[in-house]
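The points below are offered as a colleague's reading, to be followed with the coordinates open. They go from the sheet to the salt bridges and then to the cores and the surface.

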Amino acid sequence: MKNTINTLLLLLFFTAANAQTAKLEEGYYRSSNDFKSNNILPSGDLLSASSTDLVFKFLYTKVYYNSRNVWGYRNKEGKDYRSIEGKFYEVVLANKICVYQFVENNETSFRVSYGPGGMPLEMTSDNVLKLLSDNPAIASQYKSLGGKDRKEKAIDFIERYNSSTQISAIDSVNK
């Protein structure tokens, strides 16, 4: 009986410990460097994110952060968002080239940047081509597509670019 109780207590302890480590931390990023290093600044539970404020509930009070003074935030689902032009865009890809998405009234708009600290540009064929330009093979393949195909395949080419730059960076370290 004593062993059964000890075993149950041990299982309860490990379950509680696992639940605490599995909880995703929400908070905000002051800068792109905080985002790159996953240095999330915990602020309690996120209540809202608007063009002017991030509002968190910490203990029994609301804590407000001016949206212009933060790079972005992470919600309780673990999704990251970047503040761009007074709106919070979801971070879809975070690598050498980053992709951000904003959905409003059933319309989706995308922005792209060179790294998380780069200037977010509207995702146009020309802007994507500029960002791909230091990989001539991928850039020329993208450039050879028609306008509609470029728009539809932009994220695929960015993913290929990000993968190819990671591989070449690893290869250069190994040499």
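Two strands are taken to pair if DSSP finds at least two bridges between them. On that footing, 3 bridges join strand β6 (residues 72–74) to β7, and the two run antiparallel. The model is predicted, and the points that follow should be read with that in mind.

1. Overall content. The chain has 175 residues, of which 33% are buried, and it contains 5 helices and 11 strands. Its exposed area is about 11400 Å², with carbon and sulfur atoms supplying 53% of that area. Of the contacts between residues at least 6 apart in sequence, 34% join residues at least 24 apart.

2. The sheet. An open sheet of 8 strands can be traced in the order β2-β1-β6-β7-β8-β9-β10-β11, with antiparallel pairing. Strands β2 (41–42) and β11 (121–122) stand at the edges and each has a single partner strand, so one side of each is left without a neighbour in the sheet.

3. Strands β7 to β9. Strand β7 (residues 80–84) is joined to β8 (residues 87–93) by 4 bridges in an antiparallel arrangement, and I84 stands opposite K87 of β8. The hairpin of β7 and β8 has 2 residues between the strands, and within this hairpin E85 takes a positive phi near 50 degrees. Strands β8 and β9 are likewise antiparallel, pairing over 3 bridges, and they form a hairpin with 3 residues between them; here L93 is found opposite V99 of β9.

4. R74 and D80. Which residue of β7 is the bridge partner of R74? The partner is D80, and the side chains of these two residues also meet in a salt bridge, at 3.0 Å from N to O. With buried defined as under 20% relative accessible area, D80 counts as buried because its value is 14%, and R74 is buried as well because its relative accessibility is 14%.

5. E85 and R111. A further salt bridge links the side chains of E85 and R111, at 3.3 Å from N to O. E85 lies in the loop between β7 and β8 whereas R111 belongs to strand β10 (residues 107–114), so the pair ties together parts that are 26 residues apart in sequence. The surroundings of the two residues deserve separate mention: E85 is exposed, with a relative accessible area of 61%, while R111 is buried at 12% relative accessibility. In total the structure holds 4 salt bridges.

6. L41 and the R30–D34 pair. L41 is placed in strand β2 and is buried, with a relative accessible area of 16%. The C-alpha atoms of L41 and G27 are separated by 5.3 Å, although the two residues are 14 residues apart along the chain. Not counting residues up to four places away in sequence, L41 touches G27, Y28, R30 and D34. Two of these contacts, R30 and D34, form a salt bridge with each other, the closest N and O atoms being 3.7 Å apart, and D34 is itself buried at 9% relative accessibility.

7. The nonpolar cores. In soluble globular proteins, nonpolar side chains tend to be buried together. The largest nonpolar core in this model has 17 residues, and M123, V128, L132, Y142 and I158 touch the most other members. At least two residues of this core come from each of β9 (97–104), α3 (125–132), α4 (136–143) and α5 (147–174). Leaving aside neighbours within four places in sequence, Y142 is in contact with S125, V128, L129, L132, R150, A154 and F157. Apart from this core lies another, of 10 residues, with F35, I40, I84 and F102 among them; I84 is also the residue noted above as standing opposite K87.

8. A nonpolar surface patch. F58, L59 and Y60 make a nonpolar surface patch of about 450 Å². Is Y60 buried or exposed? Y60 counts as exposed, because its relative accessibility is 82%, and Y60 lies in the loop between β4 (53–58) and β5 (61–66).

Technical notes
Residues are numbered from 1 along each chain as its sequence is written. This is a predicted model: local features need pLDDT of at least 70, side-chain atom pairs count only at pLDDT 80 or more; totals for chains, interfaces and linings use all residues. Side-chain values use heavy atoms; hydrogens and water are left out. A nonpolar core is a set of buried Ala, Val, Leu, Ile, Met, Phe, Trp, Tyr and Cys residues joined through side-chain atoms within 4.5 Å. Buried means under 20% relative accessible area, exposed over 50%, partly exposed in between (1.4 Å probe, protein chains only). Contact means heavy atoms within 4.5 Å. Patches are made of residues with over 30% relative accessible area and no salt bridge: like charges are joined within 9 Å, nonpolar side chains (Val, Leu, Ile, Met, Phe, Trp, Tyr) within 5 Å. Accessible areas come from the Shrake-Rupley method with a 1.4 Å probe; for residues, only the protein chains shown count as cover.
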